[in-house]
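Open the model in a viewer and show side chains as sticks. The stops below follow charged pairs.

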Amino acid sequence: MLQRLLLLTAIAASNLLTVQAHGAPAKDLPVIHAQLTSPPLVPPATGRKTPAKVIVELEVVEKDMPISEGVSYTFWTFGGTVPGSFIRVRQGDTVEFHLKNHPSSKMPHNIDLHGVTGPGGGAASSFTAPGHESQFSFKALNEGIYVYHCATAPVGMHVANGMYGLILVEPPQGLPKVDHEYYVMQGDFYTTGKYREKGQQPFDMEKAIAEQPTYVLFNGAEGALTGDKAITAKVGETVRMYVGNGGPNLVSSFHVIGAIFDNVRFEGGTLAQKNVQTTLIPAGGAAIVDFKAKVPGSYVMVDHSIFRAFNKGALAILKIDGPEDKSIYSGKEVDSVYLGDRAAPNMNAVASATQAAAGGKLTPQDQIAAGRELFAGTCSVCHQANGAGLPGVFPPLSKSDFLSQDAKRAIGVVLHGLSGKVKVNGKDYDSVMPPMNQLNDDEVANILTYVLNSWGNPGGNITADEVKKQRAAKPATTNQAGH
């Protein structure tokens, strides 16, 4: 009798420990429907002291969206955006996950959540054909910020097409309160066309296998977080960013120019590093970065593998408004010249010119307006905003006899560069202009049309077709670099 009593006591104690470790059975938990948000927005904190049964409903949608100005791509998405919808739960929650695949989809899909303890992170239970729905459940055992992605073969192709996002598992006590939370996620994309080549661009498997992306982007499109779409804060406010890296290939060196992260929960884990300049985020990984806004201005977020920022699109803006503090920083506002064309307040004229060109209605006035915006971020650092150049170093573009003698010659200079001595307006200059390979045909044509119609130059316009022909031709060998 005594042995039976001791056995029952031990079983009861074991059950109590299990309940304490894993929470109440799912059938006894309150039911909550998760609030999902599109990037860069983040759902509010759960605010709960106890676990719940959280129902998450997420739909896969394959859709054409802009990847850059005038460039479209067929993205495969979770929730219609790249990255996919942000999911927020609490440690100890039981998550009932519903994955739907829209009837218009061409492919089956599933989901692998790195925050799931179980085969394939849920992938083994969520394979879903077009027009169907799958359901599975998991317990959120570990706190942290976790990537989710599609894991249907070929896995790399599904991820490269934008099938990734973040799920936050809050600790039981919640995260420290901040004034703003934002959702930023990097990804590398592989198109058959070159960077900013116009039109619909298919996925290029060979580039993906070779790990040679055409674009490296924040939130799925060049300019997704710039201009009117920049994220914002005010001086004195605290900012938290959940930063993920969908990959599929590249590691991110995440950096905010002019800011130091007060705290970084690196690799999405529990430990935090303080006073961090740049944090490494692996493909399929994430981090939480916190800092306080102290000085107003435009803060540029980049992948500090820097050619990705200025030549593949990995650039975003955090705009901080408020009073200056000269004791911290006495300089002028950050120059868009340094930051590149996509850091301008907006690129509306560029977008308008792209639309007009696509409709066959492009005018020289459209080109001039677009060229003005592009010139500010590409050319004015050397040639100055007024086209005056720098004496003895960079030749002037204003009232330029070099341009008036042969405007078409300027196309080759922009495309192929120019090195060695050149005489402009009777003065000798000896410097190097590198080839502007990052500019597409439309951009070269618009910039040169703007220059020809500014600062006392003779006028006229350059067409994208003229640029295309010179790009295809072999560059001249005299005084020309980049060949």
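Buried here means under 20% relative accessible area, exposed means over 50%, and partly exposed lies in between. Keep in mind that the model is predicted.

Start by selecting Asp-290, which has a relative accessible area of 16% and is therefore buried. Add Arg-240: the two side chains meet in a salt bridge, 3.1 Å from N to O. This pair links distant parts of the chain, with Asp-290 in strand S19 (residues 285-292) and Arg-240 in strand S14 (residues 238-247), 50 residues apart. Arg-240 is buried as well, because its relative accessible area is 3%.

Keep both selected and add Arg-88, Glu-170 and Glu-181. Together with Arg-240 and Asp-290, these residues are linked in a network of salt bridges.

Next, select Lys-100 and Glu-57. They form a salt bridge whose closest N and O atoms are 3.6 Å apart. Here too distant parts of the chain are linked: Lys-100 is in strand S5 (residues 94-101), Glu-57 is in strand S2 (residues 53-68), and 43 residues separate them. Lys-100 has 29% relative accessibility, so this residue counts as partly exposed. Glu-57, at 41%, is also partly exposed.

Move on to Glu-324 and Lys-326. Are they buried or exposed? Glu-324 counts as exposed because its relative accessibility is 52%, and Lys-326 counts as exposed at 52%. Their side chains meet in a salt bridge, with 2.9 Å between N and O.

To finish, display every salt bridge: the structure holds 15, including the three pairs visited, Asp-290 with Arg-240, Lys-100 with Glu-57, and Glu-324 with Lys-326.

Terms used. Residues are numbered from 1 along each chain as its sequence is written. This is a predicted model: local features need pLDDT of at least 70, side-chain atom pairs count only at pLDDT 80 or more; totals for chains, interfaces and linings use all residues. Side-chain values use heavy atoms; hydrogens and water are left out. A salt bridge is a side-chain nitrogen of Lys or Arg within 4 Å of a carboxyl oxygen of Asp or Glu. Helices (H or I, at least four residues) and strands (E, at least two) are DSSP runs, numbered from the N terminus. Buried means under 20% relative accessible area, exposed over 50%, partly exposed in between (1.4 Å probe, protein chains only).
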